[in-house]
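Here are some exercises to work through with the structure open beside you. Try each task before you read its solution.

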Amino acid sequence: MKITEIKTFLMQVGAQPVGSTATPTKDAAFGNSRNWLFIKVMTDEGIYGVGEGSGWPRVIETAVKDLAHIVVGEDPGNIDRLWQKMLTASMGHGMTGTVGGGALTAIEMALWDIKGKALGQPVWNLLGGKFRDSIPVYGHARDTEKADRLIALGYRGIKLPLTGKGDIDRAYAIREHVGPDVDLMLDAHGPSWLTTQDAIEFGQALEGANMLFYEEPVAPENLDALQRVRDNVNIPIAAGERVSNIWGMLPYIERNLVDVIQPDTGRAGGITQMRKMAAMAESHFITMAPHSGSLGPVAEFAALHVMASIPNALMLEKLEFDWEGRDDVITPVPKVVNGGIPIPTAPGLGVDIVEGEIVKYPSRMNVRTDDGVYNEGTHWESVYFQPRRGRASSLRRTRS
Ligand SMILES: [Mg+2]
């Protein structure tokens with residue numbers, strides 16, 4: 001079998017379809033800026049594989065087209081060798097970040113899909129078989145009403161933000177409301193990032209709320225700060241959603257900075273990179289809870305296969321109540337049952353894209369533009385390094 005062509009499918013998430021006069025759906029988290037990039041790797045035997053790259057989709061599309069030239073004509077079965085070949089090609093651009101990671105991820109994911117289809121096996125069965133028939137998932141809520149909606153859909157894990165006034169008190173209120181059997185997590189969601197001192201103070205304030213993990217309490221580049229939070233807060237720490245290969249994840253694991261790694265299945269380098277990260281983490285008794293943020297529904301399927309096949313799978317993040325078009329662009333649509341998504345059983349990844357739907361949502365932009373971000377002279381003009389003193393003071397508890 002030989003690779004003949006790579007097709008790309010870029011789309012605007014949260015948009016109204018072409019021709020509609022309705023107001024675009026506001027994509028609250030990303031200011032209507034999200035794109036999804038799906039690809040198809042075509043072969044001379046009629047089998048094709050689907051993949052997704054989520055680092056910066058509009059840019060990744062170009063990277064995928066560049067890389068296509070060095071994989072066309074190759075046997076798609078030699079997944080690891082082709083990945084190394086693409087990595088070597090990317091290094092000349094200094095591209096070990098999420099753009100390069102996203103491009104390698106999309107193509108590598110599609111190669112696994114091809115292999116599974118060619119062998120008549122779901123990808124998890126080629127990764128050593130399954131540990132579980134269903135992958136536990138968690139959704140996002142900041143109040144009891146949203147938490148109730150998730151629980152009604154079968155969710156048993158909920159992540160709360162630590163970003164605004166009253167969030168600490170709210171975390172305790174939600175814990176009381178949902179009881180002890182629902183897993184709760186906490187995400188400090190930068191930028192702007194908490195200072196180390198604030199991250200420790202808030203973490204300690206939440207030690208009594210039985211949290212499954214405390215995510216990115218400080219800027220993820222600041223490993224020494226992460227170490228200080230870890231040493232002073234008795235809640236498991238989670239990080240790693242922005243890394244794009246095993247070397248990016250290595251310091252978190254090697255230095256035991258986290259209890260949970262969170263590679264993003266669309267930009268962590270591919271299914272094999274995710275498996276290697278899981279193995280590195282396993283050796284340090286660290287679990288894995290893959291990130292989903294800008295991520296789309298094809299990469300979510302890939303995550304199910306990885307999570308089915310590793311011993312240290314914790315939970316998969318899922319964007320429930322995402323844009324309503326999410327379910328239209330793939331088939332089949334995964335559904336949460338009893339707190340988890342049943343693993344796919346069809347050959348390959350078990351998912352396909354619906355091209356006729358994707359073309360209705362042409363890409364327009366892919367950087368955040370809402371809420372007056374970047375406005376000169378405002379907090380939002382240059383937010384990354386600002387210590388969050390203002391936000392921090394509003395976060396402090398109003399009751400003890
Ligand atoms: Mg996060």
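**Exercise 1: the strands around E4**

In E5, Gly-139 has Ile-158 as its bridge partner. The model used here is a predicted one. Task: find which strands pair with E4, and in which sense E4 and E13 run.

Solution.
- Start from E5 (residues 157-161), which is parallel to E4 and joined to E4 by 2 bridges.
- Go on to E11 (residues 316-317): E4 pairs with E11 in the parallel sense, again over 2 bridges. Here Val-137 stands opposite Leu-316.
- Finish with E13 (residues 340-342), whose pairing with E4 is antiparallel and has 3 bridges. In E13, Ile-341 stands opposite Ile-135.
- As background, strands of a sheet pair through backbone hydrogen bonds, either parallel or antiparallel.
- To complete the picture, check how covered E4 (residues 134-140) is: 6 of its 7 residues are buried.

**Exercise 2: a parallel pair**

Task: work out how many of the residues of E7 are buried, and which residue of E7 is the bridge partner of Asp-187.

Solution.
- Strand E7 spans residues 211-215, and 5 of its 5 residues are buried, so to use the cut-off, 20 or more other C-beta atoms lie within 10 Å of each one's own.
- E6 (residues 183-187) pairs with E7 over 4 bridges in the parallel sense.
- Within this pair, the partner of Asp-187 is Glu-215.

**Exercise 3: an open sheet and its helix**

Task: explain why E1 and E3 each have one side without a neighbour in the sheet.

Solution.
- Write down the strand order: the open sheet has 3 strands, E1-E2-E3, with antiparallel pairing.
- Look at the ends of that order. E1 (3-12) and E3 stand at the edges with a single partner strand each, so one side of each lacks a neighbour in the sheet.
- Add the geometry: from one strand to the next, the twist averages 20 degrees.
- Look between E2 and E3, where 6 bridges join the antiparallel strands. Ile-39, for instance, has Gly-51 of E3 as its bridge partner.
- Now place helix H1 (residues 57-71), which packs on the sheet and touches E1, E2 and E3. The direction of H1 makes about 175 degrees with that of E1.

**Exercise 4: the core and the domain contact**

Task: find which residues touch the most other members of the largest nonpolar core, and which element gives the largest share of the side of domain 1 that touches domain 2.

Solution.
- The largest nonpolar core has 118 residues, and Ile-39, Val-41 and Ile-107 touch the most other members. H3 supplies the largest share of this core, 10 residues.
- Both domain 1 (3-121) and domain 2 (125-349) contribute at least three residues to the core.
- Take Ile-39 as a sample: among the residues it touches beyond four places away in sequence are Phe-9, Val-50, Val-64, Ala-106 and Ile-107.
- Turn to the domains, whose centres are 23 Å apart over C-alpha atoms. Their contact takes 37 residues from domain 1 and 24 residues from domain 2.
- On the domain 1 side, the elements giving two or more residues are E2 (35-43), E3 (48-53), H2 (79-91) and H3 (98-119). H3 gives the largest share, 14 residues.
- By residue class, that side divides into 17 polar, 12 nonpolar and 8 charged.

**Exercise 5: one residue of H7**

Task: decide whether Ala-205 is buried or partly exposed.

Solution.
- Locate Ala-205 in helix H7 (residues 196-205).
- Count its surroundings: 19 other C-beta atoms lie within 10 Å. A buried residue needs 20 or more, so Ala-205 is partly exposed.

Conventions
Residues numbered from 1 in each chain as written. Predicted model: local features only at pLDDT ≥ 70, side-chain atom pairs only at ≥ 80, totals over all residues. Domains from an automatic or database assignment. Contact = placed C-beta atoms within 7 Å. Nonpolar A, V, L, I, M, F, W, Y, C, P; charged D, E, K, R; others polar. Pairing = 2+ DSSP bridges. Axes fitted to C-alpha atoms, helices over the stretch in contact; angles between N-to-C directions. Buried ≥ 20, exposed ≤ 12 C-beta atoms within 10 Å, placed from the backbone. Core = buried A, V, L, I, M, F, W, Y, C linked by C-beta atoms within 7 Å.
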